[in-house]
Amino acid sequence: MSALSAEVRLVKAGATKIRYPAELLSDDGTHLVVRAPWAAPGVRDFGFVRFEPGDVFTEHYWRDRWYSVKEVRTGAGVLKGWYCDITQPAVAGGGEVVVEDLDLDLWVSADGRTVLRLDEDEFAESGLADRDPQAAEEAVRALDELELLARGGSFSDLLG
């Protein structure tokens, strides 16, 4: 039996930021999970984590939540942590998963001790609060929810 495939497309400000192939692991109609290798060229060093060729991302998307969660492991399977994108709810169909990035992000280290809110300055500069106040409110609420789960030690429960 061959693996099902999907294409993930991350959109930012109406334009496709990145597009990459992934293996569809599950989809219950609300929560879908894909696995993909690090899709960007080269290494991305954030200071608190490095994403590099060989890393594997197990990505969780929801059609009813304003975030996605990416479990990041080395090619050898060592957990690096979770990178969370605050996004519009995922739209999936026809072999494609599309999410609109809303600039806010959260990093949770593998041991759960480091929880970092990221890109709040980009979010403020994006003008989303003026263009779509409801979406901006949902984005902030989603970031707060994820941070609370991470700091409360129940973050991994979210991924089932």
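Which pattern does the protein chain follow when read along the sequence? In this predicted model, the order is β-β-β-β-β-β-β-β-β-β-β-α-α-α. Put as a tally, the protein chain has 11 strands and three helices. A reader tracing the structure from its start can use this pattern as a simple map.

The overall dimensions come next. For 160 residues, a compact globule would be expected to have a radius of gyration near 15 Å, and the protein chain agrees with this because its own value is 15 Å. Taken along the principal axes, the box filled by the C-alpha atoms is roughly 50 × 40 × 30 Å. Of the 160 residues, 41% count as buried. The accessible surface comes to about 8,300 Å², and carbon and sulfur atoms account for 50% of that area. Among contacts with a separation of 6 or more, 43% join residues that are 24 or more positions apart. As for charge, the protein chain carries 17 positive and 30 negative charges, and the mean positions of these two sets are 4 Å apart.

With the whole chain in view, four individual residues can be visited in turn. The tour starts at His 31, which is found in strand β3, a stretch covering residues 31–37. Is His 31 buried or exposed? His 31 has a relative accessible area of 15%, so it counts as buried, given that the cut-off for this class is under 20%. The side chain of His 31 makes a polar contact of 2.9 Å with the side chain of His 60. Residues touched by His 31, beyond those up to four places away in sequence, are Ser 26, His 60, Tyr 61, Trp 62 and Leu 159.

The next stop is Val 56, placed in strand β6, which spans residues 56–62. Val 56 has a relative accessible area of 25% and is therefore partly exposed. Where sequence neighbours up to four places away are not counted, Val 56 touches Arg 35, Ala 36 and Pro 37, along with Glu 71, Val 72 and Arg 73. The C-alpha atom of Val 56 is also separated by 6.1 Å from that of Gly 75, although their positions lie 19 residues apart along the chain when counted as a step from one to the other.

Lys 80 belongs to strand β8, made up of residues 79–87. With a relative accessibility of 16%, Lys 80 counts as buried. Which side chain is joined to that of Lys 80 by a polar contact of 3.3 Å? The partner is Glu 52. Glu 52 also appears among the contacts of Lys 80 outside its neighbours within four places in sequence, a list that includes Val 49, Arg 50, Phe 51, Asp 55, Val 72, Thr 74, Trp 107 and Ala 110. Val 72 and Arg 73 are in contact with Lys 80, and both are touched by Val 56 as well.

The tour ends at Leu 158, in the segment after helix α3 (133–151). Leu 158 counts as buried because its relative accessibility is 15%. Its contacts, leaving aside neighbours within four places in sequence, are Trp 62, Arg 65, Tyr 67, Val 69, Leu 146 and Leu 149. One of these, Val 69, is 89 residues apart from Leu 158 along the chain, yet their C-alpha atoms are separated by 9.3 Å. Trp 62 links back to the start of the tour, as it is touched by His 31 and is in contact with Leu 158.

Methods. Residues numbered from 1 in each chain as written. Predicted model: local features only at pLDDT ≥ 70, side-chain atom pairs only at ≥ 80, totals over all residues. Heavy atoms only, no water. Helix = DSSP H or I, 4+ residues; strand = E, 2+ residues; numbered from the N terminus. Rg over C-alpha atoms; globule rule 2.2 N^0.38 Å. Buried < 20%, exposed > 50% of the residue type's maximum accessible area, 1.4 Å probe, protein only. Contact = heavy atoms within 4.5 Å. Areas by Shrake-Rupley, 256 points an atom, 1.4 Å probe, with all protein chains shown as cover. Lys, Arg positive; Asp, Glu negative; His and termini not counted. Charge placed at Lys NZ, Arg CZ, Asp CG, Glu CD. Polar contact = N/O pair within 3.5 Å; in protein donor to acceptor, adjacent residues only side chain to side chain.
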